[in-house]
Amino acid sequence: MAISDLDFPVGVVARSHSDSAQLAQALAENVAAALRDAIDSHGHATLVVSGGRSPIAFFKALSQQTLPWAKVLVSLADERWVPVSHDDSNEALVRRHLLQGPAAEAQLLGLYHSAGSLEEAAKLTEQALADLPSIDVLILGMGTDGHTASLFPNSPNLDEAMDRDGSRRCLPMLAPSVPHQRLTLTLPVLKAARLQILSIEGQRKLEVLAQAMQQPDQRNMPISAFIEAPLEIYWCP
Ligand SMILES: O=C(O)[C@H](O)[C@@H](O)[C@H](O)[C@H](O)COP(=O)(O)O
């Protein structure tokens, strides 16, 4: 199967790349151009990225792009509720692979807060996200269960997190894999991004995407809520 075999809704643009390295470089160049446009347009740019393993090559390629990085605010679509010193921290991943070289000048708004409970941490993050401008560029990944960010099927709070009219910007979620406790931006915040990009690799994830497009209830596979205009999908075999 190739991504060109899928019948996406109008306004969803699918871009196929030969391999991970070529996808990462093309994505980095296109995101850099979008960040420059945002800065030209309103003096600053807000980039929200996802964690996991797939984005590392993209982060490294983007960090080397030339742009006024001091005018860029980087934040996260989700976070594992672990200290930023922890190996599983998405903030640590972004600091290690993206905020390097020219991109070291960017600002970072992390989601992690220490607190007595995940719910209390989410409330602190909610307050901190009052400083998050509207998102210019959003980079999403996808798990093979159809989750994106930390919008996990069957997680408590998923209904509220996927409520397009919801008022919360951040909610506590539970993942099926360790670390289970997560913080996620909610659907209305993510869907308000000007440029929404889903970056996935491999046949298995292409099959998951095809399956997600058939879901009568978007909560079964939350990525399905994003497979609509405006979305750009980057894929390689
Ligand atoms: O915190 C996370 O893990 C991510 O935000 C998550 O949503 C990720 O995008 C998917 O799980 C895909 O992860 P991989 O790229 O590692 O497959």
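In this predicted model, the buried residues of helix 2 are covered by elements that include helix 1 (20-42), helix 3 and strand 9 (195-201). Helix 2 spans residues 56-63, and its buried positions are Ala-57, Phe-58, Phe-59, Ala-61 and Leu-62. Helix 3, one of the covering elements, comprises residues 90-97 and lies across strand 2 (45-49), strand 3 and strand 5. The direction of helix 3 makes an angle of about 145 degrees with strand 3.

Strands 2, 3 and 5 belong to an open sheet of seven strands, ordered 1-10-9-6-2-3-5, in which the pairing is parallel. The edges of this sheet are formed by strand 1 (12-16) and strand 5 (107-109); each has a single partner strand, so one side of each lacks a neighbour in the sheet. On average, and with direction ignored, neighbouring strands of the seven-stranded sheet are turned by 20 degrees against each other. At the strand 5 edge, the partner is strand 3 (residues 72-76), and the two are joined in the parallel sense over three bridges. Within this pair, Leu-73 is located opposite Gln-107 of strand 5.

A further open sheet consists of three strands in the order 4-8-7, with antiparallel pairing. Strand 4 (78-80) and strand 7 (170-174) occupy its edges, and because each has a single partner strand, one side of each is left without a neighbour in the sheet. The average turn between neighbouring strands here is 25 degrees, direction ignored. Strand 8 (residues 181-185) pairs with strand 4 in the antiparallel sense through three bridges, and Arg-80 is placed opposite Arg-182 of strand 8. Strand 8 is also joined to strand 7, by five bridges and again antiparallel. In that pair, Cys-170 has Leu-185 of strand 8 as its bridge partner.

Strands 7 and 8 form a hairpin, with six residues between the two strands. Although strand 7 stands at an edge of the sheet, four of its five residues are buried, so strand 7 is largely enclosed by the rest of the structure. The loop between strand 7 and strand 8 contains Pro-179, which is joined to Val-178 by a cis peptide bond with omega of about -15 degrees.

Helix 4 (residues 118-128) lies across strand 7 and strand 8 and runs at about 150 degrees to strand 7. Ala-121 is a residue of helix 4. With 21 other C-beta atoms within 10 Å, Ala-121 is buried, because the threshold for burial is 20 or more. When residues up to four places away in sequence are not counted, Ala-121 touches Trp-81, His-113, Ala-115 and Leu-183. Ala-121 and Pro-172 are separated by 51 residues in sequence, while their C-alpha atoms are 8.2 Å apart in space.

A second cis peptide bond considered here joins Ala-229 and Pro-230, with omega of about -5 degrees. Pro-230 is located in the loop between helix 7 (203-212) and strand 10 (231-236). Most peptide bonds are trans, and most residues other than glycine have a negative phi. Asn-154 is not a glycine but has a positive phi of about 70 degrees, and Asn-157, also not a glycine, has a positive phi of about 75 degrees. Asn-154 is placed in the loop between strand 6 (137-140) and helix 5 (158-161), and Asn-157 is likewise found in the loop between strand 6 and helix 5. Their surroundings were assessed from C-beta neighbours inside 10 Å. Asn-154 has 11 such neighbours and therefore counts as exposed, whereas Asn-157 has 19 and therefore counts as partly exposed.

The ligand is surrounded by 14 residues, of which the closest are Ser-50, Gly-51, Gly-52, Ser-54 and Gly-141. By residue class, the shell around the ligand contains three nonpolar, nine polar and two charged residues.

An unreviewed UniProt entry lists residues 19-232 as "domain: Glucosamine/galactosamine-6-phosphate isomerase". Over residues 19-232, the chain of the model is 32% helix and 18% strand. The C-alpha atoms at the two ends of this range are 17 Å apart.

Methods:
Residues are numbered from 1 along each chain as its sequence is written. This is a predicted model: local features need pLDDT of at least 70, side-chain atom pairs count only at pLDDT 80 or more; totals for chains, interfaces and linings use all residues. Two strands pair if DSSP finds at least two bridges between them. Axes are lines fitted to C-alpha atoms, for helices over the stretch in contact, and angles run from 0 to 180 degrees between N-to-C directions. Two residues are in contact if their C-beta atoms, placed from the backbone, lie within 7 Å. A residue is near a molecule or strand if its C-beta atom, placed from the backbone, lies within 6 Å of it. Ala, Val, Leu, Ile, Met, Phe, Trp, Tyr, Cys and Pro count as nonpolar, Asp, Glu, Lys and Arg as charged, and the others, Gly among them, as polar. A residue is buried if 20 or more other C-beta atoms lie within 10 Å of its own, exposed if 12 or fewer, and partly exposed in between; C-beta atoms are placed from the backbone. UniProt positions are given in the numbering used here, feature names are shortened, and annotations may be inferred rather than shown by experiment.
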